[in-house]
Amino acid sequence: MTLDVFLQHITNGISLGSLYALIAIGYTMVYGILRLINFAHGDIFMMATYFAFYGVVIFSLPWYFVFVFAIILTGILGIIVEKTAYKTLRDAPKISILISAIGASYLLENLAVVIFGGRPKAFPTPDLFNKVVQVGNISVQRLTFIIPVVTVALLFMLLYLINKTKSGMAMRAVSKDHETARLMGVDVDKTISFTFFIGSMLAAVGGIMWALKFPQIQPLMGVIPGLKCFIAAVIGGIGNVTGAVVGGFILGIGEIMLVALLPSLTGYRDAFAFILLIVILIFKPTGIMGEKISEKV
Amino acid sequence: MMLKIEDLIVSYGGIEALKGVSIEVEEGKIITLVGANGAGKSTTLRSIVGLVKPKSGKIIFEDKNLQNVKTQDLIKMGITLVPEGRRVFPNLSVLENLKLGAFVRKDEANIKSDLEWVYSLFPRLKERTWQLAGTLSGGEQQMLAVGRALMSRPRLMMMDEPSLGLAPLIVKEIFRIIKEVNKKGVTILLIEQNANAALHIADTGYVLETGNIALKGTGKELLSNDDVKKAYLGDSVHL
């Protein structure tokens with residue numbers, strides 16, 4: 001493999017990894033605050049692509065306007081899922097909420113089939129993203145550069161929100177102790193909804209960029225990316241936002257490099273994520289950046 | 001009367017933890033509720049802040065029934081709780097924990113001066129401003145929990161077993177602070193197993209026994225009461 005080919009693959013890996021990272025953040029945030037795996041997250045990602053698709057195709061509005069609108073709408077969808085499927089079960093046993101999450105996932109998938117139809121749709125990609133750029137001997141789609149830049153920018157914004165703002169402080173407090181946060185005057189329900197809003201919006205950004213990169217959307221498109229990004233979150237250490245991004249990159253780059261270096265294993269591309277998950281769970285169950293604060297009594 | 005609890009009954013799945021408890025907390029005083037493990041002390045506090053739903057009875061704070069007030073709104077009314085086991089946020093720095101105490105306040109200038117006050121009460125916390133609360137010792141965490149509660153500028157500060165699991169020297173320090181805070185006009189409702197320490201600083205004390213108020217009196221009276229001595233102060237134990 002020449003250096004150029006290698007760089008080409010790495011660029012693709014980073015780009016795919018960025019998309020995984022954006023979705024993985026949503027899993028990790030919700031887990032952090034509710035100790036719940038939001039199985040509907042991959043489907044929220046799928047819904048975002050349909051919102052954007054209809055905005056562009058049916059209402060033929062300018063793409064940037066549609067994207068912003070679709071992102072906000074997806075955030076609201078996240079809140080609706082939280083309020084209906086999870087909030088009503090807040091005091092129920094963990095297993096009930098888990099089942100409810102799986103139910104919410106199936107509901108969204110089937111709603112999409114009913115409303116949008118099961119046949120794949122071609123996602124319109126504005127020329128701006130499609131143009132091929134030549135850097136040295138590698139030629140890449142502009143989008144391949146845009147995706148990581150957007151991801152990193154959003155990650156920094158998110159880290160600022162979580163670590164430097166009052167709402168972020170409330171989120172961190174709620175993630176450790178709902179009851180005491182309440183005693184401090186924190187509106188725990190609002191904080192949880194806000195977390196879903198942010199996580200779903202990030203999934204929407206990931207979804208739209210995903211659809212620009214792989215311009216075919218269908219109701220079950222969120223299932224495999226959803227599972228993989230959950231794995232990315234676990235690899236990075238679930239509950240840790242930076243970890244989710246690291247996990248996303250490891251998964252994205254690893255997957256692309258596997259196929260590039262060992263083309264005979266192409267069929268096992270999706271299995272790579274699960275093998276990695278098993279290895280991590282055996283050797284470092286808390287993930288790469290898992291919580292390690294010692295709590296003294 | 002600042003806080004009035006009338007005939008409070010709480011049951012956990014058929015077992016009555018409180019069987020009609022009545023307590024009065026006078027503004028500006030230190031009131032203590034002592035009793036053994038399982039007497040219902042924590043349950044009383046948790047009912048006041050709405051973390052436990054009473055079966056019957058009234059909890060009146062300044063003529064307002066607390067029954068329908070949400071836990072998160074109490075702090076705006078001037079009520080704060082230093083919970084049992086400190087419950088500081090281990091993933092937040094000392095400063096952030098203190099800021100969280102002032103979460104609902106908007107008067108930035110006063111928050112700053114209150115922070116200075118808390119730091120002067122607990123110089124140890126100032127040294128550890130940027131440290132994560134989870135890395136503090138038990139005593140420091142208790143100081144932080146008290147400091148965090150003070151950051152809300154409470155008028156009524158309730159404390160659940162602040163001495164639990166702490167070295168005697170630190171317990172002494174915490175009780176000195178409680179008195180100092182009280183002198184600033186903050187009413188204290190203190191729940192303690194360490195009856196001796198609590199009754200020494202209390203204006204009024206209640207002895208809680210298996211869900212009932214067994215005795216009520218001034219701190220001094222209860223300290224010299226033979227039953228209290230026998231049951232809680234350990235004076236009668238001669239081996």
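A salt bridge is a side-chain nitrogen of Lys or Arg within 4 Å of a carboxyl oxygen of Asp or Glu. The model is predicted, so that local features need pLDDT of at least 70 and side-chain atom pairs count only at pLDDT 80 or more, while totals for chains, interfaces and linings use all residues. Residues are numbered from 1 along each chain, chains are lettered from A in the order written, and side-chain values use heavy atoms, without hydrogens or water.

**Exercise 1.** Determine how many salt bridges cross the interface of chain A and chain B, and describe the side of chain A that touches chain B.

*Solution.* Step 1: the rule finds four salt bridges across this interface. Step 2: one salt bridge joins the side chains of Arg172(A) and Glu96(B), at 2.7 Å from N to O. Step 3: helix H7 (166-176) and helix H8 (178-183) of chain A, as DSSP runs of H or I with at least four residues, each give two or more residues to this side of chain A. Step 4: H7(A) has the largest share, seven residues. Step 5: by class, this side has 10 nonpolar, five polar (Gly counted here) and nine charged (Asp, Glu, Lys, Arg) residues.

**Exercise 2.** Establish the strand order of the open sheet in chain B and identify its edges.

*Solution.* Step 1: strands are DSSP runs of E with at least two residues, and two strands pair if DSSP finds at least two bridges between them. Step 2: the four strands follow the order E2-E1-E4-E5, with antiparallel pairing. Step 3: E2 (15-25) and E5 (64-65) of chain B each have a single partner strand, so one side of each lacks a neighbour in the sheet. Step 4: E4(B), residues 56-61, pairs with E5(B) over two bridges; Ile60(B) has Asn65(B) as its bridge partner.
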